[in-house]
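Visitor: I have a structure open and I'd like to learn how to read it feature by feature. Can you walk me through it?

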Amino acid sequence: MLDYGKFILNAGKFYGDSEKDKGIQTSEDAKYYARSIKFEKFNNEGQTMVTQFTVKHEQNIDCGGGYIKLFPTDLNQEDMNGDSPYYIMFGPDICGAATKKVHVIFNYKGKNHLIKKDIKCKDDEYTHLYTLILNSDNTYEVKIDNKKVESGSLEDDWDMLPAKMIKDPNFQKPDEWDDREKIDDPDDVKPEDWDKPEKIPDPDATKPNDWDTEMDGEWEHPLIQNIEYKGKWKPRKVENPNFKGIWVHPKTVNPEYTPDVNLYKYDNIGVLGLDLWQDGERKMKEKLAEELKIKEMDTVIDSDKYEL
């Protein structure tokens, strides 16, 4: 059984209002954290769903997640863990200098699909607002601090569906197709004095006076870099008179592709949860909000809030 860390309710080290700015905060390092809340189930069919929350890393974060998950209403909350099936995972994830991104993961037909784009998250110590807008026309938008940082279509930016077009198996590059833009110059020849050894005996070195050939073996000059060494000879390149350009494989419609107008749709959304790992010295605060709203929103959501 995992040794879970303890969440506390706190406004942190700095805040605007000590009561209004309270949120869920981790209290121990190198721990897993899990917490969830159930709410009245709903589905987002034909509507725009907005998921929005704030994250505050009060100290420079080394490695850890700051994301939330939306679950179906039948989730066993007592046994919620990293393997529990979810609908959506959204929020920042940081691990060293290499990973500082916003996760946007959708579950489709039982499989989790990561966004193919790289969305950089905030990594300072201030509070930041993360917003995911999921539209009924299979488009999306990600905002940080109410500024759009990414948008597009679910079909293009996730591999939920097979590719619409694939390479036509009936075509292959012709054997005579020459796609070499440059070729070795057939008239270029290696200079007769080109080949020189890379290392040569040091002409300034002398055998030590105490060198004992019987004990130390035959003395040899130490080797040094040869300043006349030019490396491996290669003929110069010239334009290829037979160059036909880069061959492009013709494409055809993928017979396995079937469009789905309901990529965005989830039924029985009913649990909002945190399932996180925190490593190193930091504290994280999250105030969570989830709302369903028709697409006339450009400002901060300010309706029903579910606080853990």
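Visitor: Let's start with Asn 81: how does Asn 81 count in terms of relative accessibility?

Guide: Keep in mind that this is a predicted model. The general idea is that a residue is buried under 20% relative accessible area and exposed over 50%, with partly exposed in between. Asn 81 has 21% relative accessibility, so it counts as partly exposed.

Visitor: Where is the place of Asn 81 in the chain?

Guide: Look in the loop between strand E6 (68-72) and strand E7 (88-95).

Visitor: And which residues is Asn 81 in contact with, leaving aside its neighbours within four places in sequence?

Guide: Those are Tyr 4 and Asp 275. Closer along the chain, the Asn 81 side chain reaches the backbone nitrogen of Asp 83 at 2.7 Å. You can also compare sequence and space: Tyr 33 is 48 residues from Asn 81 in sequence, while their C-alpha atoms are 9.1 Å apart.

Visitor: Let me try another loop. Where is the place of Ser 136, and what does Ser 136 touch?

Guide: Ser 136 sits in the loop between strand E10 (127-134) and strand E11 (139-144). Not counting residues up to four places away in sequence, Ser 136 touches Gly 46, Gln 47, Val 261 and Tyr 264. Take Gln 47: 89 residues separate it from Ser 136 in sequence, yet the C-alpha distance is 5.4 Å. With 31% relative accessibility, Ser 136 counts as partly exposed.

Visitor: Now the interior. Which residues of the largest nonpolar core touch the most other members?

Guide: That core has 48 residues, and the ones touching the most other members are Ile 88, Phe 90, Val 104, Phe 106 and Leu 154. Several strands each supply at least two residues of this core, among them strand E3 (31-42), strand E4 (48-57), strand E8 (99-108) and strand E19 (269-279). E6, E7, E10 and E11 are also on that list.

Visitor: What does Phe 106 touch, not counting residues up to four places away in sequence?

Guide: Its partners include Tyr 87, Ile 88, Leu 132, Leu 134, Leu 154, Trp 158, Met 160 and Tyr 266. Lys 111, Asn 112 and His 113 are also among the residues that Phe 106 touches.

Visitor: On to cysteines. How many disulfides does the count come to?

Guide: The check is whether two cysteine sulfur atoms lie within 2.5 Å. Here the count comes to one disulfide. Cys 63 and Cys 95 form it, with their sulfur atoms 2.3 Å apart. The link is left-handed, with -90° about the S-S bond. Cys 63 lies in strand E5 (residues 63-65) and Cys 95 in strand E7, so the disulfide ties together parts that are 32 residues apart in sequence.

Visitor: Are Cys 63 and Cys 95 buried or partly exposed?

Guide: Cys 63 is buried, since its relative accessible area is 17%, whereas Cys 95 is partly exposed at 37%. As for Cys 121, its 3% relative accessibility makes it buried.

Visitor: What does the side chain of His 249 reach?

Guide: One partner is the backbone oxygen of Phe 171, at 3.0 Å. A polar atom of the His 249 side chain also lies 2.8 Å from the backbone oxygen of Asp 168. His 249 is placed in the loop between strand E17 (237-239) and strand E18 (251-253), and counts as buried at 19% relative accessibility.

Visitor: Last topic: how many salt bridges does the structure hold?

Guide: There are 17 salt bridges. In one of them, the side chains of Lys 182 and Glu 239 meet at 2.7 Å, N to O. This pair links distant parts of the chain, with Lys 182 in strand E14 (residues 182-184) and Glu 239 in strand E17, 57 residues apart. The side chains of Asp 184 and Lys 237 also meet in a salt bridge, at 2.7 Å, N to O. Here too the pair links distant parts of the chain: Asp 184 is in strand E14 and Lys 237 in strand E17, 53 residues apart.

Visitor: How do Asp 184 and Lys 237 count, partly exposed or exposed?

Guide: Asp 184 is partly exposed, with a relative accessible area of 40%, and Lys 237 is exposed, at 54%. Elsewhere, Lys 117, Glu 150 and Asp 157 are linked in a network of salt bridges.

Terms used:
Residues numbered from 1 in each chain as written. Predicted model: local features only at pLDDT ≥ 70, side-chain atom pairs only at ≥ 80, totals over all residues. Heavy atoms only, no water. Helix = DSSP H or I, 4+ residues; strand = E, 2+ residues; numbered from the N terminus. Buried < 20%, exposed > 50% of the residue type's maximum accessible area, 1.4 Å probe, protein only. Contact = heavy atoms within 4.5 Å. Polar contact = N/O pair within 3.5 Å; in protein donor to acceptor, adjacent residues only side chain to side chain. Core = buried A, V, L, I, M, F, W, Y, C linked by side-chain atoms within 4.5 Å. Salt bridge = Lys/Arg side-chain N within 4 Å of Asp/Glu carboxyl O.
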